[in-house]
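Thanks for coming. I will walk through one structure this morning, one residue at a time, and then turn to its pocket.

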Amino acid sequence: MTRDVLIRLSGLQAMEGDEGTVEVITSGDYFWKNNKHYLIYEGTDGTIRNTMKLTPEKLEIKKSGPVSANMVFELDKKTQTHYVTPMGELLVEMTTSRIGFEEENDHLKVEVEYALDINYDHVSDCRIVLDITSKDCAKLD
């Protein structure tokens with residue numbers, strides 16, 4: 001995969017019968033180091049930097065800027081982070097139930113399903129889909 005990539009990030013939250021979906025397409029930097037895939041990209045407003053470390057067993061997301069957190073998604077594990085926002089801090093817990101991982105030369109797809117708790121209350125069941133493609137091979141359809 002080339003350094004310059006396009007990232008399609010889709011998120012689904014299901015709570016009490018309602019579902020909400022968010023999708024963002026952005027450019028980013030890709031690296032392969034120590035048998036791990038790394039992605040770095042800016043948030044939609046350009047103030048939050050996102051760094052992801054990906055393996056078939058684990059997804060780590062580090063946010064820095066006005067919003068900061070270090071989220072870890074690991075199969076059948078509950079992990080915690082302090083999600084810091086300009087409005088205050090939340091204790092966020094993620095219990096990962098599934099990680100899907102597809103890897104090709106110029107394409108990487110990761111799917112993570114997890115339960116989300118905030119301040120010890122279950123809020124929603126979530127799904128993240130990361131679709132990463134080298135810019136010169138990307139097809140936006």
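Glu-111 sits in strand S9, which covers residues 107-118. A word on the source before going further: this is a predicted model. Is Glu-111 buried or exposed? Its relative accessibility is 12%, and the limit for buried is under 20%, so Glu-111 counts as buried. What does its side chain pair with? There is a polar contact between the side chains of Glu-111 and Arg-127, at 2.5 Å. Setting aside neighbours within four places in sequence, the contacts of Glu-111 are Arg-98, Ile-99 and Gly-100, along with Arg-127, Ile-128 and Val-129. Arg-127 therefore turns up twice for Glu-111, once as a polar partner and once in the contact list, where contact means heavy atoms within 4.5 Å.

Next, two loop residues with a backbone angle to note. Most residues other than glycine have a negative phi. Asp-76 is not a glycine, yet its phi is positive, about 60°. Where is Asp-76? It belongs to the loop that joins strand S6 (69-74) to strand S7 (78-85). With 63% relative accessibility, against a limit of over 50%, Asp-76 counts as exposed.

Tyr-120 is the other one. Its phi is near 70°, again a positive value in a residue other than glycine. Tyr-120 lies in the loop between S9 and strand S10, and S10 spans 121-134. At 60% relative accessibility, Tyr-120 counts as exposed.

Now for Lys-78, in strand S7. Its relative accessibility is 51%, and exposed means over 50%, so Lys-78 counts as exposed. Leaving out neighbours within four places in sequence, Lys-78 is in contact with Glu-93, Met-94, Thr-95 and Asp-117. Thr-96 is 18 residues from Lys-78 in sequence, and their C-alpha atoms are 6.7 Å apart.

Two further pairs give sequence separation alongside distance in space. Asp-76 and Tyr-114 are 38 residues apart in sequence, with 9.2 Å from C-alpha to C-alpha. Trp-32 and Ser-68 are 36 residues apart in sequence, with 24 Å from C-alpha to C-alpha. Trp-32 itself is in strand S2, residues 18-33. At 47% relative accessibility, Trp-32 counts as partly exposed.

On to the cysteines. A disulfide is a covalent bond between the sulfur atoms of two cysteines. How many disulfides are there here? The count is zero, where the rule asks for a pair of cysteine sulfur atoms within 2.5 Å. Cys-126, at 5% relative accessibility, counts as buried. Cys-137, at 37%, counts as partly exposed.

Last, the pocket. How much space lies in the largest pocket? The volume is about 910 Å³. Its lining is made up of 33 residues, and those closest to the centre are Leu-9, Lys-63, Met-71, Tyr-83 and Tyr-114. Tyr-114 came up a moment ago as the partner of Asp-76 in the 9.2 Å pair. By class, the lining has 20 nonpolar residues, ten polar and three charged.

To recap two points: Glu-111 is a buried residue at 12% relative accessibility, and its side chain makes a polar contact with that of Arg-127. That is the end of the talk.

Technical notes: Residues are numbered from 1 along each chain as its sequence is written. This is a predicted model: local features need pLDDT of at least 70, side-chain atom pairs count only at pLDDT 80 or more; totals for chains, interfaces and linings use all residues. Side-chain values use heavy atoms; hydrogens and water are left out. On a 1 Å grid over the protein atoms alone, a cavity is a set of points where a 1.4 Å probe fits but cannot get out, and a pocket is an open set with protein on both sides within 12 Å along at least five of seven lines; lining residues have an atom within 4 Å of a point. Grid points are joined across faces, edges and corners, and a volume is the space filled by probe spheres set on the points. Ala, Val, Leu, Ile, Met, Phe, Trp, Tyr, Cys and Pro count as nonpolar, Asp, Glu, Lys and Arg as charged, and the others, Gly among them, as polar. Helices (H or I, at least four residues) and strands (E, at least two) are DSSP runs, numbered from the N terminus. Buried means under 20% relative accessible area, exposed over 50%, partly exposed in between (1.4 Å probe, protein chains only). A polar contact is a pair of N or O atoms within 3.5 Å; within protein, one must be able to donate a hydrogen and the other to accept it, and residues adjacent in sequence count only if both atoms are side-chain atoms.
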